[in-house]
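Trainee: Could we walk through this one together? I'd like to get my bearings.
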Amino acid sequence: MASREQLERLVGQALLDVGFRRRLLGDPQGAAKEVGAHLTEGQLDRIRQWDAKALDALAGPFEDWLAWLIQWLISHFGRGW
Amino acid sequence: MNETPFLSDPEILVLKEHVCAALERFSPQLLEAGRRLLDRLATPNWTLEWYLPRWLGEAFGLSPDLIRDLVLSNVYGLSCIRLQDDLVDGEVDRASWESAILLASALHHLWLSGYVQLFAGTSPFWGYFEQFMGQWLRATWRSNRPPAVDFRSYEEEDFLRLAERGAPLKVCCAGACLLAGREELILPLTSAMDHFLVGAVLLDQAKDWADDLEAGRYNVFVAYASPQPQEPDRRESYRQAVLEEICLGQAARPYFDRIQRHVRIALEKAEAVDCPALRQHMQSFENQVVTIRDRLAEEARAWLRMATEQLFGLSPAEVPAIPEEGR
């Protein structure tokens with residue numbers, strides 16, 4: 001059973017890497033293996049319910065948010081050096 | 001230090017008027033461009049440029065007149081350097097080249113005139129001036145070119161080389177020490193500034209990574225996340241490497257730890273100079289870096305946790321707030 005940390009890694013990789021995202025949707029267990037995880041039937045069922053377009057639509061804003069985050073943190077907390 | 005109200009600080013306003021009056025005497029056509037430049041520089045990120053000579057002068061017990069002359073010279077010099085940096089970095093649009101080049105020339109003249117009043121031609125000051133300007137010239141020449149060494153193979157001297165673009169700031173350090181008759185403090189003080197500037201440059205690079213990548217400029221933070229040479233046609237893979245490092249890697253902790261390390265060295269070296277305001281500024285910077293480092297890891301992790309809970313239908317854990325602007 002994949003741990004919460006492994007699932008987070010799986011989701012992060014799927015959001016940041018379009019190739020991995022495609023592999024995960026096509027062969028969830030095979031893709032999970034790439035990040036050292038083994039999925040349960042319940043976890044596999046969840047992934048099978050994912051909508052590829054919805055996941056793609058989540059990935060873009062996630063990337064933009066991450067890129068923005070570091071800039072925002074430095075502007076917000078890093079004043080006056 | 002975070003709260004310095006630059007735009008309303010009476011000392012800054014007086015300095016700005018001094019500079020504008022000098023520019024108007026020198027060349028009235030440049031006054032408006034000069035005002036715009038000073039407004040751009042009157043921000044907290046230019047704290048050291050405006051305040052360092054004052055802090056040092058006060059710590060050394062220099063007279064108010066000498067301190068004002070040191071501060072003014074520093075403002076002339078660093079404004080001139082800023083303009084030249086902008087020109088070299090391609091950040092001045094073509095229509096503004098003429099005024100930028102002429103304004104830089106006027107400021108350079110005022111910069112040197114200020115120091116000529118303070119130091120005789122035989123003073124060791126001029127040797128330091130040449131040394132620091134040489135560092136800046138070399139650093140500016142190579143600044144937008146990829147270094148020969150990969151970030152992961154950086155030695156101490158490679159990090160210190162990053163600081164050289166800020167070398168003109170050390171001119172006022174040498175000036176203050178010499179005016180106070182404390183030449184023995186120049187080496188520890190300028191070495192402290194070198195390490196502090198390494199930290200400042202590294203943090204600047206982390207802030208600018210996406211813009212630099214987009215513009216095709218070499219960026220140290222990108223080099224930290226992706227060891228490959230930075231080539232324009234591989235921007236997407238570098239972007240992915242940075243995002244993976246933030247989200248799935250170490251959230252750039254080793255990078256921020258490196259900044260903290262240099263600031264700590266700066267603090268140690270600055271102990272030789274009993275200058276409380278400088279020490280406070282460096283400590284404040286270190287605190288900022290630690291906060292940024294920790295918040296970056298927390299925020300990225302929290303978002304990922306939230307997305308995972310939604311996608312896998314897990315029960316939600318305690319999720320820290322994400323800044324509103326990032327949603």
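Mentor: Sure, here are some notes on the model and a few of its parts.
This is a predicted model, where local features need pLDDT of at least 70, side-chain atom pairs count only at pLDDT 80 or more, and totals for chains, interfaces and linings use all residues. Residues are numbered from 1 along each chain as its sequence is written, with chains lettered from A and ligands numbered from 1 in the order in which they are written.

Trainee: How many residues of chain B are in contact with chain A?
Mentor: 35 residues of chain B are in contact with 28 of chain A (C-beta atoms, placed from the backbone, within 7 Å).

Trainee: Which helix gives the most to that side of chain B?
Mentor: That's α13(B), with 14 residues (helices are DSSP runs of H or I, at least four residues, numbered from the N terminus).

Trainee: Switching to α3(B), is it mostly covered or exposed?
Mentor: Mostly covered, as 11 of its 14 residues are buried, among them Trp50(B) and Trp55(B). Buried means 20 or more other C-beta atoms within 10 Å of a residue's own, with C-beta atoms placed from the backbone.

Trainee: What covers those buried residues?
Mentor: The cover includes α1, α2, α4, α8 and α13 of chain B.

Trainee: And what happens just after α3(B)?
Mentor: Gly61(B) takes a positive phi of about 75° there.

Trainee: Last one: what does Leu189(B) touch?
Mentor: Cys173(B), Cys177(B), Ala270(B) and Val273(B), not counting residues up to four places away in sequence.

Conventions:
Contact = placed C-beta atoms within 7 Å. Helix = DSSP H or I, 4+ residues; strand = E, 2+ residues; numbered from the N terminus. Buried ≥ 20, exposed ≤ 12 C-beta atoms within 10 Å, placed from the backbone.
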